[in-house]
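This report introduces a protein model to a reader who has not met it before. Please view the sequence and the structure below, and then follow the description from line to line.

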Amino acid sequence: MLVMEVLKEHNVKAGPDITVKNTVIGVLALQGAFREHIGAIKKCGAMAREIKFPQHLDSVDGLIIPGGESTTIYKLMQKYNFGPALEKFYNQKKPIFGTCAGLILLAEEVKGDSFGFGYIDITVDRNAYGRQVDSFELPVVLKLGSANANNNIIFESGAETAAGPDKFHAVFIRAPKIEKAGEKVQVLGSVDSVPVLARQENVLVCAFHPELTDDLRIHQYFIDMVIKSKNMIKSDANN
Ligand code: GLN
């Protein structure tokens with residue numbers, strides 16, 4: 001179901017001028033599965049922009065760091081000096097969503113590696129699933145329902161999908177494993193007690209690839225986070 005249909009069904013509004021339609025999601029487009037995320041965002045009814053240079057971050061409300069090769073993405077981010085612009089984005093409380101390699105880049109600690117922006121308190125093992133079983137697919141139960149006090153949007157997690165109600169058909173490709181999650185981390189989905197979808201404030205991470213399926217619920221959830229943060233930023237500016 002598209003975001004606007006969900007809104008209509010629940011008779012809720014995203015605020016007078018902050019809507020899904022005028023929400024802009026940037027997708028880091030240096031390497032990896034950025035095109036698929038752009039497709040998913042557009043299907044949700046929001047706008048999507050490729051982020052190739054740090055200054056592109058100024059014109060978006062939320063950012064997706066896609067799956068791919070975390071070392072390569074990190075090196076390219078360094079080459080183009082993304083650090084300060086990303087820090088500013090994070091400090092402005094604009095939501096960031098990292099999938100797979102993106103999750104690794106946002107982590108507090110990456111075992112055996114020196115990168116990780118430290119925006120979510122997780123320790124990650126990049127190669128925990130090893131080579132033989134480096135790709136697998138599983139139905140995962142997610143806790144995505146969200147109704148908040150300011151009452152912008154409510155997304156139901158119970159939509160019927162190929163994987164069944166409440167389940168998300170999760171595609172894992174050389175997936176990172178979250179070995180430790182701090183107290184502030186909210187686990188929204190797990191496999192064998194290992195978190196695979198998690199959130200800390202405005203940072204969302206996913207160990208699998210939601211952009212490779214037709215199920216838009218995780219992207220809708222992220223857009224919901226972005227709209228809520230836009231409302232907060234706007235009300236802060238008005239105070
Ligand atoms: N294992 C990869 C890495 O370390 C991530 C895989 C992915 O993004 N699908 O970057």
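I122 stands opposite A181 in β9. The structure is a predicted model, and this pair of residues offers a way into one of its sheets. Strand β6, which covers residues 120-125, pairs with β9 in the antiparallel sense over 4 bridges.

**The sheet of three strands**

The open sheet to which these strands belong has 3 strands in the order β5-β6-β9, and its pairing is mixed. β5 (107-110) and β9 (177-181) stand at the edges with a single partner strand each, so one side of each is left without a neighbour in the sheet. From one strand to the next, the twist averages 35°.

**The sheet of seven strands**

A further open sheet is built from 7 strands, again with mixed pairing, in the order β2-β1-β3-β4-β12-β11-β10. Its edges are formed by β2 (47-51) and β10 (186-191); each has a single partner strand, and therefore one side of each is left without a neighbour in the sheet. Direction ignored, neighbouring strands of this sheet are turned by 20° against each other on average.

The table lists strand pairs from the two sheets, with the sense of pairing, the bridges and a pair of residues that stand opposite each other.

| Strands | Sense | Bridges | Residue pair |
|---|---|---|---|
| β1 and β2 | parallel | 5 bridges | L28 and I51 |
| β1 and β3 | parallel | 3 bridges | V27 and I64 |
| β3 and β4 | parallel | 3 bridges | I64 and F97 |
| β6 and β9 | antiparallel | 4 bridges | I122 and A181 |

I64 in β3 thus appears twice, opposite V27 and opposite F97 in β4.

In a regular strand the side chains alternate between the two faces of the sheet. For β3, both faces are covered: G62 and I64 on one side are buried, as are L63 and I65 on the other. Helix α6, made up of residues 217-238, lies across β1, β3 (62-65), β4 (96-99) and β12 (203-206). The helix runs at about 170° to β12.

**The surroundings of the ligand**

Which residues are around the ligand? They are G67, G68, E69, S70, C100, A101, I104, R126, I173, R174 and P176. By class, this shell has 5 nonpolar, 3 polar and 3 charged residues.

**The protein as a whole**

The secondary structure comes to 6 helices and 12 strands. Of the 239 residues in the protein, 44% are buried. Among contacts with a separation of 6 or more, 69% are between residues 24 or more positions apart.

**Confidence of the prediction**

The pLDDT of the protein averages 86, and 82% of the residues score at least 70. Over residues 10-15, however, the pLDDT is below 50, and this stretch has 15 contacts in the model beyond near neighbours in sequence. Residues 146-162 likewise have a pLDDT under 50. For this second stretch, the model has 45 contacts beyond four places in sequence.

Definitions and conventions
Residues numbered from 1 in each chain as written. Predicted model: local features only at pLDDT ≥ 70, side-chain atom pairs only at ≥ 80, totals over all residues. Near = placed C-beta within 6 Å. Nonpolar A, V, L, I, M, F, W, Y, C, P; charged D, E, K, R; others polar. Pairing = 2+ DSSP bridges. Helix = DSSP H or I, 4+ residues; strand = E, 2+ residues; numbered from the N terminus. Axes fitted to C-alpha atoms, helices over the stretch in contact; angles between N-to-C directions. pLDDT = per-residue confidence, 0-100. Contact = placed C-beta atoms within 7 Å. Buried ≥ 20, exposed ≤ 12 C-beta atoms within 10 Å, placed from the backbone.
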